[in-house]
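Please open the structure in your viewer and follow the stops below in order.

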Amino acid sequence: MSTSEQGSTADQPMIRIFDTTLRDGEQSPGASLNTAEKLEIARQLELLKVDVIEAGFPITSSDDFEAVRQVAGLVRECTVAGLARCTEKDIVRAAEALKEAVSPRIHVFCATSAIHRQYKLKRAEKEIIKMSVEGVKLARSLVSDVEFSPEDASRTELPFLTEVVQAVIDAGATTVNIPDTVGYSTPDHFEEIIRHLFATVANIGQAVISVHCHNDLGLAVANSLAAVKAGARQVECTINGLGERAGNASLEEVVMALHTRADVYKCGTRINTRRIYPVSRLVSTLTGIKVQRNKAIVGENAFAHEAGIHQHGMLAHRETYEIMRPEDVGIPASKLVLGKHSGRHALQDRLSQLGHQLDDQRLDQVFEQFKQLADRKKEVFDEDLEAIVGQILDESRNARTWDLEALQTTGGTGVLPTATVKLRNRQNGEIAIDAATGDGPVDAAFTCILRLTKVDAVLREYDLRALTGGRDAQGEVQLELVASGRSFRGRGRSTDVIEASVIAFLNAINRVIRAADSPAKTATEGKV
Ligand code: KIV
Ligand code: ZN
């Protein structure tokens with residue numbers, strides 16, 4: 001049997017895959033998604049066959065509530081979870097958002113470590129247990145599937161952790177999740193915690209033990225796998241390892257480790273591994289967060305063999321240097337998409353391999369732009385297509401206030417870089433024109449836009465890259481602005497890199513304006 005065929009078999013214990021891309025993943029700085037984007041990701045997660053989709057934290061904002069409500073109404077084959085603190089208003093709101101779910105789960109959490117008890121919650125151990133038990137009981141009165149997480153479990157004193165876990169299982173928790181909230185644990189340590197719980201919690205057999213690891217020390221996947229060895233049967237993870245700070249355990253790495261090393265872990269998952277690449281691309285396109293080139297499983301280099309000796313070995317026998325096959329995770333055989341004579345069906349097929357299921361109207365828009373690009377460029381690659389789709393989705397879903405009408409810039413050596421920008425306000429038709437000088441034409445254009453839109457924002461990140469090789473390549477700009485303490489991403493593409501920069505900047509500015517019009521998550525409410 002080939003290494004890559006050593007998947008799970010029917011008699012192995014199954015590990016539940018709990019995907020929290022839409023909740024913890026969305027807490028990645030700059031990764032905010034709107035409801036339509038969350039629905040699209042949820043659809044792909046269902047095709048991927050994750051067991052649980054954590055769709056959001058309903059109490060934090062009306063947008064989060066709406067996203068959980070709509071995901072719950074859409075998804076039929078996965079459990080849909082909503083997060084709540086152990087308070088009545090959080091839990092009731094989560095239950096309300098989950099009303100339409102076929103299989104709803106309320107996920108309640110309460111911090112248990114000494115440092116959180118003392119400084120964050122200012123509560124004694126007894127009060128923490130009381131809050132947790134009451135939270136679980138209330139949630140159980142509303143749904144039959146309740147998960148409890150003792151936040152910062154890995155820094156909690158073990159005897160107290162045992163006491164909390166036992167109490168919440170008695171109160172009716174059906175899953176108990178052990179988070180390494182600050183990514184402090186190591187594989188040996190984390191395995192020991194899980195083993196300790198199995199040895200000391202008398203009623204542990206009545207709940208599924210889950211783990212949720214953050215990646216601050218780069219150990220989230222290793223810690224999750226160590227916990228599986230100790231008996232954990234649910235792993236919480238995110239696509240591309242997105243998440244608060246350094247992220248969460250990456251779903252694709254956890255799943256492919258369990259699958260490829262079934263000889264070690266002796267567990268299976270329900271995951272359709274061939275859907276991994278499409279969902280990874282989709283999440284990257286919609287969040288604007290690129291996957292690092294050498295990222296395991298889904299990075300551009302994950303299956304690239306550069307050294308001559310490796311290429312020779314691969315030609316002689318694939319498994320000399322390959323432990324998984326790219327097709328096992330849904331990576332298409334070639335990146336060359338289509339040429340100028342390709343039809344709508346070929347385009348639709350390719351888009352589906354990249355995780356996009358577009359309605360007819362959007363497909364027409366993409367096709368139109370694809371044809372225009374194919375007239376200018378000999379070859380159109382996946383990256384070009386993703387940029388076209390990303391920009392169309394950005395424009396149609398993120399209600400725009402300002403459109404770019406005209407842009408003129410001058411730059412060069414020995415001249416004063418200048419930009420003139422003309423914008424049109426979609427809501428009232430107002431035309432606004434300004435001119436400015438700057439360090440360069442891009443800087444000058446940004447100054448005009450800030451003055452014209454009266455938005456107070458600072459540019460935190462600016463990234464320009466050629467989407468593909470060749471002199472006819474399109475330039476793509478991805479940037480991040482900070483306004484009122486929140487970050488907003490924008491993306492633009494054009495064969496003219498100054499225009500791409502201005503489109504990206506204006507997209508981010510439109511997001512700032514939209515956020516100011518809708519109630520925002522506060523720092524303490526929206527992040528945990
Ligand atoms: O990291 C964490 O502790 C969490 C909990 C809410 C599970 O995200
Ligand atoms: Zn977390």
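A residue is near a molecule or strand if one of its heavy atoms lies within 4 Å of it. This is a predicted model, in which local features need pLDDT of at least 70 and side-chain atom pairs count only at pLDDT 80 or more, while totals for chains, interfaces and linings use all residues. Residues are numbered from 1 along each chain as its sequence is written, chains are lettered from A and ligands numbered from 1 in the order in which they are written, and side-chain values use heavy atoms, with hydrogens and water left out.

Select ligand 1 first. Twelve residues surround ligand 1, and Arg 23, Asp 24, Thr 181, His 212 and His 214 come nearest. The shell consists of three nonpolar, six polar and three charged residues (Ala, Val, Leu, Ile, Met, Phe, Trp, Tyr, Cys and Pro count as nonpolar, Asp, Glu, Lys and Arg as charged, and the others, Gly among them, as polar).

Next, display the side chain of Arg 23, which has a polar atom 2.9 Å from an oxygen atom of ligand 1. For His 214 the corresponding distance to an oxygen atom of ligand 1 is 3.0 Å.

Now select ligand 2, the zinc ion. Its coordination comes from Asp 24 (OD), His 212 (NE2) and His 214 (NE2), at 2.0 to 2.1 Å (donors are N, O and S atoms within 2.8 Å of the metal, or 3.2 Å for Na, K and Ca; water is not among the atoms, so sites may look incomplete). Along the sequence, the donor residues follow the spacing D-x187-H-x1-H. His 212 is buried at 5% relative accessibility (buried means under 20% relative accessible area, exposed over 50%, partly exposed in between, with a 1.4 Å probe and protein chains only), and His 214 is likewise buried at 5%.

Finally, select Cys 237, which is buried at 0% relative accessibility.

Methods:
A polar contact is a pair of N or O atoms within 3.5 Å; within protein, one must be able to donate a hydrogen and the other to accept it, and residues adjacent in sequence count only if both atoms are side-chain atoms.
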